[in-house]
Amino acid sequence: MDNHIVFMKQALALAEQAAEKGEVPVGAVVVADGEVIGKGFNCPIGSSDPTAHAEIVALRDAAKNIENYRLAGCDLYVTIEPCTMCVGAMIHARINQVIFGAPEPRAGALTSQLALLDADHFNHAMKWTGGILEDQCRALMKDFFKQRR
């Protein structure tokens, strides 16, 4: 559990960077053997890339750093429950486990709107854990949207 908190704090720091750039504040890190090998934060606006969600950016960074598109044995920490696109990318990358902070009631694809990992037709099984630093992750998101309205 302590490692979950350490890595989620790193994801939160990345989410804050996204907020500073006017992007929805979501951050993610990919961890292998207790080391961060990939980092990312939401940047679809700044990069003009609709796929530039924090998770995708972190997956790309990790794959580049280890020079392999397969991230078997790696865990991904993200501040908000992933969407369908990001869960799909994690499955293709062979992520071992995704750990998220706060649920995403509108588009969450693990427990909030969908339960994609309950499907038995994928060629990879991935575990998930939610609620790590949930209050901080939720507060960052709420504060961001409160300031924008």
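This is a short tour of a predicted model of a single chain, from its overall build down to a handful of residues.

## The whole chain

Let's start with the big picture. The chain holds 5 helices and 5 strands, and if you walk along the sequence they come in the order α-β-β-α-α-β-α-β-β-α. The radius of gyration is 14 Å, close to the 15 Å that the globule rule gives for 149 residues, so the chain is as compact as a globular protein of that length. Along the principal axes, the C-alpha atoms fit in a box of roughly 40 × 35 × 30 Å.

What share of the 149 residues is buried? Buried residues come to 46%. As for how the chain folds back on itself, take the contacts between residues at least 6 apart in sequence: 57% of them join residues at least 24 apart.

On the outside, the accessible surface adds up to about 7,900 Å², and carbon and sulfur atoms account for 50% of that. The chain carries 14 positive and 18 negative charges, and the mean positions of the two sets sit 5 Å apart.

## Two polar side-chain pairs

Now for some individual residues, beginning with Gln-97. You'll find Gln-97 in strand S4, which covers residues 97–102. Is Gln-97 buried or exposed? Its relative accessibility is 13%, and since anything under 20% is called buried, Gln-97 counts as buried. Its side chain has a polar partner all the same: the side chain of Thr-129, at 2.9 Å. Setting aside neighbours within four places in sequence, Gln-97 touches Cys-74, Asp-75 and Leu-76, and also Met-126, Lys-127, Trp-128 and Thr-129. Strand S5 spans 127–129, and Lys-127, Trp-128 and Thr-129 are among the contacts of Gln-97.

His-4 makes a nice companion case. His-4 belongs to helix H1, residues 2–20, and at 16% relative accessibility His-4 is buried as well. Which side chain does His-4 pair with through a polar contact of 2.8 Å? The partner is Tyr-77. Strand S3 runs over 75–80, and Tyr-77 is one of the residues that His-4 contacts outside its local stretch of sequence, along with Ile-99 and Ile-132.

## Two residues with positive phi

A pair of loop residues have a positive phi without being glycine. Glu-67 has phi near 55°, and Leu-133 has phi near 50°. Glu-67 sits in the loop between helix H3 (54–66) and strand S3 (75–80). Leu-133 sits in the loop between strand S5 (127–129) and helix H5 (134–148). Their surroundings are not alike: Glu-67 is exposed, with a relative accessible area of 74%, whereas Leu-133 is buried at 15%.

## Helix H3 and the loop after it

Helix H3 gives us a few more landmarks. Ala-54 is in H3, and with 0% relative accessibility Ala-54 is buried. Beyond its neighbours within four places in sequence, Ala-54 contacts Val-26, Gly-27 and Ala-28, plus Gly-40, Phe-41 and Asn-42.

Ile-66 is also in H3, and here the relative accessibility is 39%, which makes Ile-66 partly exposed. Leaving out neighbours within four places, Ile-66 is in contact with Ile-37 and Leu-71.

Moving into the loop between H3 and S3, we meet Asn-68. At 35% relative accessibility, Asn-68 is partly exposed.

How do distances along the chain translate into distances in space? Here are some C-alpha pairs that involve these residues.

| Pair | Apart along the chain | C-alpha to C-alpha |
|---|---|---|
| Ala-54 and Ile-132 | 78 residues | 17 Å |
| Ile-66 and Leu-116 | 50 residues | 27 Å |
| Asn-68 and Ala-93 | 25 residues | 9.3 Å |

Ile-132 turns up twice on this tour: it is a contact of His-4, and its C-alpha is 17 Å from that of Ala-54.

Technical notes. Residues numbered from 1 in each chain as written. Predicted model: local features only at pLDDT ≥ 70, side-chain atom pairs only at ≥ 80, totals over all residues. Heavy atoms only, no water. Helix = DSSP H or I, 4+ residues; strand = E, 2+ residues; numbered from the N terminus. Buried < 20%, exposed > 50% of the residue type's maximum accessible area, 1.4 Å probe, protein only. Polar contact = N/O pair within 3.5 Å; in protein donor to acceptor, adjacent residues only side chain to side chain. Contact = heavy atoms within 4.5 Å. Rg over C-alpha atoms; globule rule 2.2 N^0.38 Å. Areas by Shrake-Rupley, 256 points an atom, 1.4 Å probe, with all protein chains shown as cover. Lys, Arg positive; Asp, Glu negative; His and termini not counted. Charge placed at Lys NZ, Arg CZ, Asp CG, Glu CD.
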